[in-house]
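Student: I have a model open and would like to walk through a few of its features with you. Could we start with the loops and then move to the interior?

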Amino acid sequence: MDAAGGGMESLCFGAWREDEPVPWAPAGRRYVTVNELLVRLGSFRLGLTWRVRFDEDRLAGIVELAETGVGTLELLALLPPDLQAVDADFVAYAGTERVLVLREFDSSSWELLTADPWVLGEIRRQFPDAAPLAMTFWEEHPWWEEPLPEGWGEQVGRRVVGGARGAAAPLPDGST
């Protein structure tokens, strides 16, 4: 399925909010992080497996790890809570079916692609500025349309940050 296929709908909403100012944010504004979006979506298919792509040298290990798939809770544990990427894609799969794409665009907005009516409604409810985004904004053949890597999702749930459950598989930097 291409980005525009399969009944997918696309929304766009601002990443900077003035509804809940915090002291450390410029002019009292705050940034909506991917962690916040995942938490706001609550238990929506908590068993999803994620792939991540963005250019952040300090997070190269996480991106490499995410190529083989990470679960939602693991992704939340791995990402810094204040992550603000310039451009990033977070793609969720149920098995091998892509069900959600979150794109952090230029640190100014979020773009969302899904066919799930609950997710679309929840984003519209929580972010009233969410507006339809023309499907032409998505590439014709985005990277997530490539075949999934060999062994996709096999390690999800077996890797544990800090080795809290049995023997954890090592992270890309060799740590556990």
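Student: Where does aspartate 106 lie?
Tutor: This is a predicted model, and in it aspartate 106 lies in the loop between β7, which covers 97–105, and β8, which covers 109–114. Its phi is near 55°, a positive value in a residue other than glycine.

Student: And what about the phi of serine 107?
Tutor: Serine 107 has a positive phi of about 55° although it is not a glycine, and serine 107 also lies in the loop between β7 and β8.

Student: Is serine 107 buried or exposed?
Tutor: Serine 107 is buried, because its relative accessible area is 13% and the cut-off for buried is under 20%. Aspartate 106, with a relative accessible area of 44%, is partly exposed.

Student: Switching to the interior, which residues have the most contacts inside the largest nonpolar core?
Tutor: That core has 36 residues, and those with the most contacts inside it are Trp50, Phe90, Leu100, Leu102, Trp110 and Ile123. Leaving aside residues up to four places away in sequence, Ile123 touches Leu11, Phe13, Leu37, Leu41, Leu112 and Ala130. Another core, of ten residues, lies apart from the largest one and includes Tyr93, Val101, Leu133 and Trp138.

Student: How many cavities of 30 Å³ or more are there?
Tutor: There are two cavities of 30 Å³ or more, and the largest has a volume of about 50 Å³.

Student: What lines the largest cavity?
Tutor: Its lining is formed by Leu38, Leu41, Gly42, Phe44, Arg45, Leu48, Trp50, Thr72 and Leu100, which divide into six nonpolar, two polar and one charged.

Technical notes: Residues are numbered from 1 along each chain as its sequence is written. This is a predicted model: local features need pLDDT of at least 70, side-chain atom pairs count only at pLDDT 80 or more; totals for chains, interfaces and linings use all residues. Side-chain values use heavy atoms; hydrogens and water are left out. On a 1 Å grid over the protein atoms alone, a cavity is a set of points where a 1.4 Å probe fits but cannot get out, and a pocket is an open set with protein on both sides within 12 Å along at least five of seven lines; lining residues have an atom within 4 Å of a point. Grid points are joined across faces, edges and corners, and a volume is the space filled by probe spheres set on the points. Ala, Val, Leu, Ile, Met, Phe, Trp, Tyr, Cys and Pro count as nonpolar, Asp, Glu, Lys and Arg as charged, and the others, Gly among them, as polar. A nonpolar core is a set of buried Ala, Val, Leu, Ile, Met, Phe, Trp, Tyr and Cys residues joined through side-chain atoms within 4.5 Å. Buried means under 20% relative accessible area, exposed over 50%, partly exposed in between (1.4 Å probe, protein chains only). Contact means heavy atoms within 4.5 Å. Helices (H or I, at least four residues) and strands (E, at least two) are DSSP runs, numbered from the N terminus.
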